[in-house]
Every structure is written in structure tokens, then in C-alpha cells.
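Ready for a few exercises on backbone geometry, helix packing and a ligand site? Have a go at each task before reading its solution.

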Amino acid sequence: MRILVAITGASGLEYGRRLVEILKQTDNEVSVVVSSGAVEVAKAEGTKLPKADYHENDFSCPYASGSNPPDAVVLIPCSLKSLGEIANGVGNNLINRAAEVALKERSKLILVVRDTPYSLITIKNMEKVTLAGGIILPATPGFYGKPKKVDDLIDFIIARVLDQMGLKHQISKRWGSK
Ligand SMILES: Cc1cc2nc3c(=O)[nH]c(=O)nc-3n(C[C@H](O)[C@H](O)[C@H](O)COP(=O)(O)O)c2cc1C
């Protein structure tokens, strides 16, 4: 698969860092874009962001065009700003544009939205993206696997993202399996 991982300026950058780490161990073609918002949040969270392949304003990336779409675009974490732009067709940077391309070309679009609580505006934006074919996958890990550390909670979400992309993995135990 050709996958674009976009790390935007929501809390929980560790989710994005971990997804890139896992995907880089596979045969998939993984490209990374990091928003300037994410760079700001990284200062607060102390996360070492993965090396970006494209600047957020670099429209020379193949995935900025429907003539060369990716198989999947994942915003992880996804800020409410990026969600709002995607929901309303604002393709003003590579991240929003690639998401727009994914929707129009019927590729997979996964938004790991992070904020709480949600306003009606956010809920409506999530509805719009869902109706357009995108997957809203909030960063809300389950606790039924009896997590022992923060990494377990992060991997719970990464597992769901990989599931959505149809990628096999064993990073998190499934309910009902030994
Ligand atoms: C430390 C910090 C934490 C933030 N956490 C969130 C968050 O969890 N969710 C969110 O939607 N925005 C959050 N923001 C605000 C976004 O970073 C801001 O709206 C930014 O413009 C998003 O731009 P981007 O989507 O292009 O990265 C945070 C900002 C800072 C500085």
C-alpha cells in the first residue's frame, strides 16, 4: 500500500510517531507530513517527531493529485482545525488536499481526532467526513485489555488504524483471543 501519514497539531503526537515506526517495519510505502501545528505541540509534549518526507505546503507530493492517489491517508493525531478544513473542502495545504484526494478517489481516509468534549460543529464535521466515506477513529483507547502502561493504550489505537487499512498485525490483543 502507498500510505500518507499526516501528523497534525492535536495532543497525542505519540500516536503518530508510533504508527510511522510500525509502518516503516512493513513493506508498505510510507510517506510522512508534519504540520507546523504539530511542531508546536511537540515542544509541549516532548515528542521526537519522525522525519517528514514532505513539507505541509509541498503540493509536489504525488498525493496532492487525483492522478496519483495514495491507498490511504491517516491524520494521526487529527486536530479539530484539520478536521474542519477537510469536512469543508478546504485544500489549503498538502494534508487537507491529500485527504480531499483520498475522499474523491475513494481511497481510505482515517482521522484520529483528539479533543474533548466535542462541540456540535465538530460533530457535524465528523458527520460530513463520515458521509463522504472517511473513517472517524477518535483517540479513545479501550481498557478491557488491562493496559499496564501508556504504550499499551497507544498501541490499542494503532491496532485499530491498521485494522482499518486492512493490514495484519499482532501489536494488541483482540477481545476473545488467547
Ligand atoms: C500544546 C497544544 C496542544 C493542543 N492540543 C490540541 C488538541 O488536542 N486538539 C486540537 O484540535 N487542537 C489542539 N491544539 C491546537 C492546534 O494545534 C491548533 O488548532 C493548530 O492550528 C492545528 O493546526 P494543524 O491541524 O494544521 O496542525 C493544541 C495546541 C497546543 C499548543
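**Exercise 1.** Find where Pro117 sits and work out which residue it shares a cis peptide bond with.

Solution. Start with the location: Pro117 is in the loop between β5 (108-113) and α5. Helices here are DSSP runs of H or I with at least four residues, strands are runs of E with at least two, and both are numbered from the N terminus. Next, look one residue back: Thr116 is joined to Pro117 by a cis peptide bond, with omega about -10 degrees.

Before going on, a word on the model: it is predicted, so local features need pLDDT of at least 70 and side-chain atom pairs pLDDT 80 or more, while totals for chains, interfaces and linings use all residues. Numbering runs from 1 along each chain as its sequence is written, and side-chain values use heavy atoms, leaving out hydrogens and water.

**Exercise 2.** Track down the cis bond at Pro77, then check the phi of Arg106.

Solution. Pro77 belongs to strand β4 (residues 72-78). Its cis partner is Ile76, and omega is about -10 degrees. Now move to the loop between α4 (94-104) and β5, where you'll find Arg106. Arg106 isn't a glycine, yet its phi is positive, about 60 degrees. For context, most residues other than glycine have a negative phi, and most peptide bonds are trans.

**Exercise 3.** Describe how α3 (residues 80-87) packs on α5 (residues 120-131).

Solution. First the geometry: the two axes come within 9 Å and cross at roughly 50 degrees. Axes are lines fitted to C-alpha atoms, for helices over the stretch in contact, with angles from 0 to 180 degrees between N-to-C directions. So α3 is oblique to α5; under 35 degrees would count as roughly parallel, over 145 as roughly antiparallel, 65 to 115 as roughly perpendicular, and the rest is oblique.

Second, the hand: α3 and α5 cross left-handed, meaning the near helix is turned anticlockwise from the far one by less than a right angle (clockwise would be right-handed).

Third, the residues in contact (heavy atoms within 4.5 Å): α3 brings Leu80, Leu83, Gly84, Ile86 and Ala87, and α5 brings Thr122, Asn125, Met126, Lys128 and Val129. Sort them and you get six nonpolar, three polar and one charged. Nonpolar covers Ala, Val, Leu, Ile, Met, Phe, Trp, Tyr, Cys and Pro; charged covers Asp, Glu, Lys and Arg; the others, Gly among them, are polar.

**Exercise 4.** Now do the packing of α3 with α4.

Solution. Axes first: they're 9 Å apart, at an angle of about 45 degrees, which makes α3 oblique to α4. The crossing is right-handed. For the contact, α3 uses Ser82, Glu85 and Ile86, and α4 uses Asn96, Ala99 and Leu103. By class, that's three nonpolar, two polar and one charged.

**Exercise 5.** Repeat this for α1 (residues 13-23) and α6 (residues 150-165).

Solution. Their axes come within 10 Å and cross at roughly 55 degrees, so α1 is oblique to α6. The crossing is right-handed. Among the contact residues are Tyr15, Leu19 and Ile22 of α1, and Ile154, Ile158 and Val161 of α6. The class split is eleven nonpolar, no polar and three charged.

**Exercise 6.** Which residues are closest to the ligand?

Solution. Of the 15 residues around the ligand (a heavy atom within 4 Å), Gly9, Ser35, Ser79, Lys81 and Ser82 are the closest. Then look for polar contacts (N or O pairs within 3.5 Å). A polar backbone atom of Gly9 is 2.5 Å from a ligand oxygen atom. Ser35 uses a polar side-chain atom, 2.5 Å from an oxygen atom of the ligand. At Leu80, a polar backbone atom lies 2.8 Å from a ligand oxygen atom.

Methods
Polar contact = N/O pair within 3.5 Å; in protein donor to acceptor, adjacent residues only side chain to side chain.
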